[in-house]
Structures are given as C-alpha cells and as structure tokens.
Amino acid sequence: GRIVDRTADMAASTTNHWAMEAGPTSSARLSDLTMPTLVVHGLEDPLFPYAHGEALAAEIPHAELLGLEATGHEMPPPETWDVVIPALVRHTATGV
C-alpha cells in the first residue's frame with residue numbers, strides 16, 4: 001500500500017522497465033568478477049524465481065548463494081535476519 005501511495009504515476013511505474021533498450025547480456029561480464037560475491041535470493045520470489053539466483057551465482061566465479069525461506073522479491077524481512085546477518089558477517093570478515 002505504501003508503494004502505491006507514493007507512486008506519482010502508476011502507469012509509468014508499471015511500464016518503465018519495458019521502456020529500456022535491450023543491451024548485451026551481462027553473463028560475459030559476470031564471469032570476469034573477482035571479488036567475493038554473496039547472492040541473496042528469496043525462495044518464493046514471484047518476479048524472478050529462485051532459478052534466477054542460482055543462474056546468477058553460477059555465472060560469478062566462487063559466488064555463494066543464500067536462499068531465504070518464506071521470502072519473495074523484497075529486502076530480507078526481519079524473520080530472516082538470523083540467517084542473513086551471520087551470512088553477511090562471514091562474507092565480509094575476510095577483509096578482501
């Protein structure tokens with residue numbers, strides 16, 4: 001409800017992604033990444049199913065994939081923080 005309430009132009013909001021021109025696929029560049037990467041993806045994402053997160057992690061060398069139970073296409077909700085926060089701490093603890 002808050003998102004709909006703050007949207008000044010609902011038509012533009014629902015179609016703006018389709019107005020972008022297609023460009024080259026990103027997978028060629030993803031394989032060039034060398035930094036530690038943590039892919040966090042909701043297991044119940046209705047917009048980009050979990051297979052998208054799996055494919056993304058597979059394209060990035062040495063990426064770690066963290067699937068979140070009961071999470072859709074959203075920021076990790078508080079119910080997942082007991083999983084997300086330790087994963088982020090482990091991921092960022094290497095000092096790379």
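**Helix 5 and the parallel strands beside it**

In this predicted model, the buried residues of helix 5 pack against two strands, namely strand 1 (38-42) and strand 2 (64-68). I shall begin with that helix, then turn to the strands, and finish with the loops.

Which residues of helix 5 are buried? They are V84, A87 and H91. These residues cover an arc of only 70 degrees around the axis, so they lie on the same side of helix 5. On the other side of the helix, D82, V89 and R90 are exposed. I would invite you to locate both groups in the structure above.

The length of this helix can also be checked. Helix 5 comprises 12 residues, from 81 to 92, and at 1.5 Å a residue it should span 16 Å; because its end C-alpha atoms are 16 Å apart, the expectation and the model agree.

Let us now consider the two strands. Is strand 1 mostly covered or mostly open? Strand 1 is mostly covered, as four of its five residues are buried. Strand 1 and strand 2 run parallel, and five bridges join them. Along this pairing, L38 stands opposite E64 in strand 2, and H41 stands opposite G67 in strand 2.

How does the chain pass from strand 1 to strand 2? The chain crosses through helix 4, residues 50-59, and this β-α-β crossover is right-handed.

One residue of strand 2 deserves a closer look, and that is E64. With a relative accessible area of 37%, E64 is partly exposed, because this value falls between the limits of 20% for buried and 50% for exposed. If we set aside residues up to four places away in sequence, E64 touches T37, L38 and V39. There is also a distance to note from E64 to E54: these residues are 10 apart along the chain, and their C-alpha atoms are separated by 9.6 Å.

I come now to the loops. Where does T71 lie? T71 is found in the loop between strand 2 and helix 5. The relative accessible area of T71 is 2%, under the 20% limit, and therefore T71 counts as buried. Leaving aside neighbours within four places in sequence, T71 is in contact with G42, L43, E44, D45, P77 and T80. In addition, the side chain of T71 reaches the backbone oxygen of E69 at 2.9 Å.

A70 is placed in that loop between strand 2 and helix 5 as well. Is A70 buried or exposed? A70 has a relative accessibility of 58%, which is over 50%, so A70 counts as exposed.

The backbone of A70 brings me to my last topic. Most residues other than glycine have a negative phi. A70 is not a glycine, yet its phi is positive, at about 50 degrees. What is the phi of H62? The phi of H62 is near 65 degrees, again a positive value in a residue other than glycine. H62 has its place in the loop between helix 4 and strand 2. At 81% relative accessibility, H62 counts as exposed, because the limit is 50%.

To review: the buried residues of helix 5 pack against strand 1 and strand 2, these strands run parallel, and the crossover between them through helix 4 is right-handed. Thank you for your attention.

How values were computed
Residues are numbered from 1 along each chain as its sequence is written. This is a predicted model: local features need pLDDT of at least 70, side-chain atom pairs count only at pLDDT 80 or more; totals for chains, interfaces and linings use all residues. Side-chain values use heavy atoms; hydrogens and water are left out. The expected span of a helix is 1.5 Å times one less than its number of residues. Buried means under 20% relative accessible area, exposed over 50%, partly exposed in between (1.4 Å probe, protein chains only). The arc is that of the directions from the helix axis to the C-beta atoms. Contact means heavy atoms within 4.5 Å. A polar contact is a pair of N or O atoms within 3.5 Å; within protein, one must be able to donate a hydrogen and the other to accept it, and residues adjacent in sequence count only if both atoms are side-chain atoms. Two strands pair if DSSP finds at least two bridges between them. A crossover is right-handed if, with the strands pointing away from the viewer, the path from the first strand over the helix to the second runs clockwise.
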